[in-house]
Structure formats: structure tokens, C-alpha cells
Amino acid sequence: RDTILCHNADLEQFRLHKDDIIKDSFKKPARIVFAGVMIEESCNIEVLKVFLNDVRFEHIFIGRDSSGKKLIQNFVHDFGMANVTFEGSYNKDEIINIYRERADLINIFRAKTKVNRNALPNKLYEAVLAGKPIVVFEHNVAISKYVTKYYLGFVIPEEKEAKVNDFIFEKMKSFSFDKYKEGRKAFLEEVEKDMKRFAESIEMFSSK
């Protein structure tokens, strides 16, 4: 059947931030930030195992307490990881500024499942609006396609997952923020176009 894509994005945030000036550098160590309720704890623990005391990176988990967050905290404590920190809950309206102030890369690491294969989470749009590149696994196909098409960050191939830290570090060396800014603009324009088409289709359907 024919389908029309509806992005789960906030158009008001688009209006506020799509024309913002984007910074074009990575800090050292590079800060990989996750913000939200942690429901992908197993996947993130597997990722952290690769980053054990890798001083090139800092991982920051921001969000309210949950069972998933607690499991990650326990792992970090048990292995004495000095490059992982945790912060508490935040106001959702502040997420763009939080990413800009705290992140170099946005963590959208998700397990390989049927749901995750085609899911487009809010984090995708928030990361792009904030002007921060994304890190995502290739098996998260829907996100990966946009990241690849619009140069929005780093897609980790399955054969590179065991060395995800080295892969990201090497990709950062040659990352073009000029290409990122062009891709960011084109992506946001496509999303707005899709959402407008969806709204018009709903209006046409409801008027019949």
C-alpha cells in the first residue's frame, strides 16, 4: 500500500533552531551524550565494555533514575570506569541547549530488534537541531539511512561494533562540518516537507 511518512518531531523546535549557527569542532576528550529514559541498557553496557577507560572519550548519561540507568551505573562502578558520568532529570524544553553545551556526539545506540530496525526516535531530530553528529549502529536501519544520506554522523557497520571506539575516533579525524551543515539543512527541509504532506493528507481525508 502507499504510505505517507509522519515524523515524530516538534515543528516549533524546527522554527526556533533550524537556522542556528553550528559549531564545527570536537573537544578532547570527545563527549558522547545520551539523554532520556534508558531502555537500551544492555546495548549500552556492551558499548561501554569497548570504551573501558578509553581516555579519548567521555560518556555522559543524562536523565531520571530508572532500572536501566541503575544497571549501567552498577556496571560503571564495578569496572571502575572513570570516563563515564551520570546526571539527573532535565526539562525537555532544554534538550537542544543541553546537547550543545554537553555533547560532541549523540548516543543513539540501540539493540538489533525488529522495532529498532525501522524506528525514528525523537533523539534523531533533537540531535540534528542541536547541530551535533549522531553515532548509531548500521542495524538501526531507518536512522542509519538518514545519517548516511545527509552526513549526520557516524554509522557503525556490524563488523566494526567490536571496535566501535577506534572506528569513531578515526572517523572524527576526517569529519567535515561543512558537509554536515549542508546535510543538516537538507534533512530538516525534507522532514518539514514530509510533515506538511502528512498534515494535508489528514485534512483531505477528514473532509471527505
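# Chatting through a predicted six-strand sheet protein

Tutor: The protein's secondary structure comes to nine helices and six strands. Helices (H or I, at least four residues) and strands (E, at least two) are DSSP runs, numbered from the N terminus. This is a predicted model: local features need pLDDT of at least 70, side-chain atom pairs count only at pLDDT 80 or more, and totals for chains, interfaces and linings use all residues. Residues are numbered from 1 along each chain as its sequence is written, and side-chain values use heavy atoms, with hydrogens and water left out.

Student: Got it. How compact is the protein?

Tutor: Its radius of gyration is 17 Å, close to the 17 Å that the globule rule gives for 208 residues, so it is as compact as a globular protein of that length. The radius is taken over C-alpha atoms, and the globule rule is 2.2 Å times the number of residues to the power 0.38. Along its principal axes, the C-alpha trace spans about 60 × 35 × 35 Å.

Student: And what share of the residues count as buried?

Tutor: Of the 208 residues, 48% do. Buried means under 20% relative accessible area, exposed over 50%, and partly exposed in between (1.4 Å probe, protein chains only).

Student: Let's look at the sheet. What order do the strands take?

Tutor: It is an open sheet of six strands in the order 3-2-1-4-5-6, with parallel pairing. Two strands pair if DSSP finds at least two bridges between them. Strand 3 and strand 6 (153–156) are the edge strands, each pairing on one side only. On average, neighbouring strands are turned by 25 degrees against each other, direction ignored. Axes here are lines fitted to C-alpha atoms, for helices over the stretch in contact, and angles run from 0 to 180 degrees between N-to-C directions.

Student: How many bridges join strand 1 to strand 2?

Tutor: Six, and strand 1 (residues 30–35) and strand 2 run parallel. Phe 34 stands opposite Phe 61 of strand 2. Between these strands the chain passes through helix 2 (residues 41–50), in a right-handed β-α-β crossover. Right-handed means that, with the strands pointing away from the viewer, the path from the first strand over the helix to the second runs clockwise.

Student: What about strand 2 and strand 3, how many bridges there?

Tutor: Four bridges join strand 2 to strand 3 (residues 84–87), and this pair is parallel. The chain gets from strand 2 to strand 3 through helix 3 (residues 67–78), and that β-α-β crossover is right-handed. Helix 3 lies across strand 2 and strand 3, running at about 145 degrees to strand 3.

Student: Why is strand 2 called largely enclosed?

Tutor: Five of the six residues of strand 2 (residues 57–62) are buried, so the rest of the structure largely encloses it. His 59 sits in this strand and is buried, with a relative accessible area of 2%. Leaving aside neighbours within four places in sequence, His 59 is in contact (heavy atoms within 4.5 Å) with Ile 32, Leu 48, Phe 51, Asn 83, Val 84 and Thr 85. Val 84, in strand 3, also stands opposite His 59.

Student: Now the other end of the sheet. Which helix does the chain cross through from strand 5 to strand 6?

Tutor: Strand 5 (residues 134–137) and strand 6 run parallel, joined by four bridges. The crossover goes through helix 7 (residues 141–150) and is right-handed. Seven of the 10 residues of helix 7 are buried, so it is largely enclosed by the rest of the structure. What covers those buried residues includes helix 5, helix 6, strand 5, strand 6 and helix 9 (177–206).

Student: Which residues touch the most others in the largest nonpolar core?

Tutor: That core has 52 residues, and Leu 105, Phe 109, Ile 134, Phe 154, Ile 168, Met 172 and Phe 187 touch the most other members. A nonpolar core is a set of buried Ala, Val, Leu, Ile, Met, Phe, Trp, Tyr and Cys residues joined through side-chain atoms within 4.5 Å. A second, separate core of 10 residues includes Phe 34, Met 38, Leu 48 and Phe 75.

Student: One last spot: is Pro 121 buried or exposed?

Tutor: Pro 121 counts as buried, at 10% relative accessibility. This proline is in the loop between helix 5 (114–118) and helix 6 (122–130). The C-alpha atoms of Pro 121 and His 7 are separated by 8.9 Å, though the two are 114 residues apart along the chain.
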